[in-house]
Amino acid sequence: KDVFWSQFSASPSVIPISIPSVPAQASPSAKPQEMRMFTKYIYSHLFTPNRPNVCGSRFHSYCCPGWKTLSGGNQCIVPICRNSCGDGFCSRPNMCTCSNGQLSPSCGGGGVQSCNIRCMNGGSCMEDSCSCAKGYTGNHCGQPVCDSGCQNGGRCIGPNRCACVYGFTGPQCERDYRTGPCFTQVSNQMCQGQLSGIVCTKTLCCATIGRAWGHPCEQCPAQPHPCRRGFIPNIRTGACQDIDECSTIPGVCDGGECTNTAGSYVCTCPRGYISSTDGSRCVGESPAK
């Protein structure tokens, strides 16, 4: 094998190119004039405007970094792009010409690369503004959306996900599990008639005989929500269920006999006694005038 041509063997780090056939080969014993003519022929074929992007020496040539040859060809005219050009094409090493005519390291649908702002949480950039994925909003799609809102001081921390303050729970922080005293009367915005021996939730207090709850005192709504008085939501199903006041409220109907009814209760007092106004105990009848 000719020693001179063996110098064109492929290197693992370069893309070699083929050399056009020559009318004659120069042997190692060729005369100086013959060698000069042969070298001039090789050089003219490797380093002319018709053979761009060729690197190396006159005896060891290869495509410059970022270029490769066409399949089956010997000219280094195909650029190489590290990133995907998407709906564009690779026009120079690591540079794409996108469908909108703009040069960019990579291309995507809808001209995403022309956007100069960052879109979070899966949002996409459209003409320098963000189109947010479902569940997010804001200029950069950084604000989650809770469709039903967050109640009682809770805040939205993810799509339809509330972080509740202490004492509240539920998907919208709607369930109040704080405990406190229950009052049966409110007079001049003052809570009175505290039920002894009971500490309960506001929901339970206001759904039974309570008119105010807690410390500081909070007045009960005129009509409890979501269930009417005498009923309370089931913690699992949310369905309104009857409250057994006789077993739930210690000391209710004090001095008499308590009987639970649907949505209420009956306090039966012994002879000479009647049920108090709030129904919490039996009191002596006033003497007849």
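So, over how many bridges do strand β20 and β21 pair, and in which sense? Two bridges, antiparallel, with β20 covering residues 212-213. Here, two strands count as paired if DSSP finds at least two bridges between them, and strands are DSSP runs of E, at least two residues long, while helices are runs of H or I of at least four, both numbered from the N terminus.

Quick housekeeping. This is a predicted model, where local features need pLDDT of at least 70, side-chain atom pairs count only at pLDDT 80 or more, and totals for chains, interfaces and linings use all residues. Residues are numbered from 1 along each chain as its sequence is written, and side-chain values use heavy atoms, leaving out hydrogens and water.

Okay, the overall picture. We've got three helices and 27 strands in the protein chain. Of its 289 residues, 30% are buried, meaning under 20% relative accessible area with a 1.4 Å probe, protein chains only.

Back to our sheet. It's an open one with four strands, ordered β18-β17-β20-β21, and the pairing is antiparallel. At the edges sit β18 (190-194) and β21 (218-219), each pairing on one side only.

Let's walk across it. In the β20 and β21 pair, W213 stands opposite E218 of β21. Next, β17, residues 182-187, runs antiparallel to β20, joined by two bridges, and there F183 faces A212 in β20. Then β17 and β18 pair over four bridges, antiparallel again, with V186 opposite C191 in β18. Those two strands make a hairpin with two residues between them, and N188 takes a positive phi near 55 degrees there.

Notes
Buried < 20%, exposed > 50% of the residue type's maximum accessible area, 1.4 Å probe, protein only.
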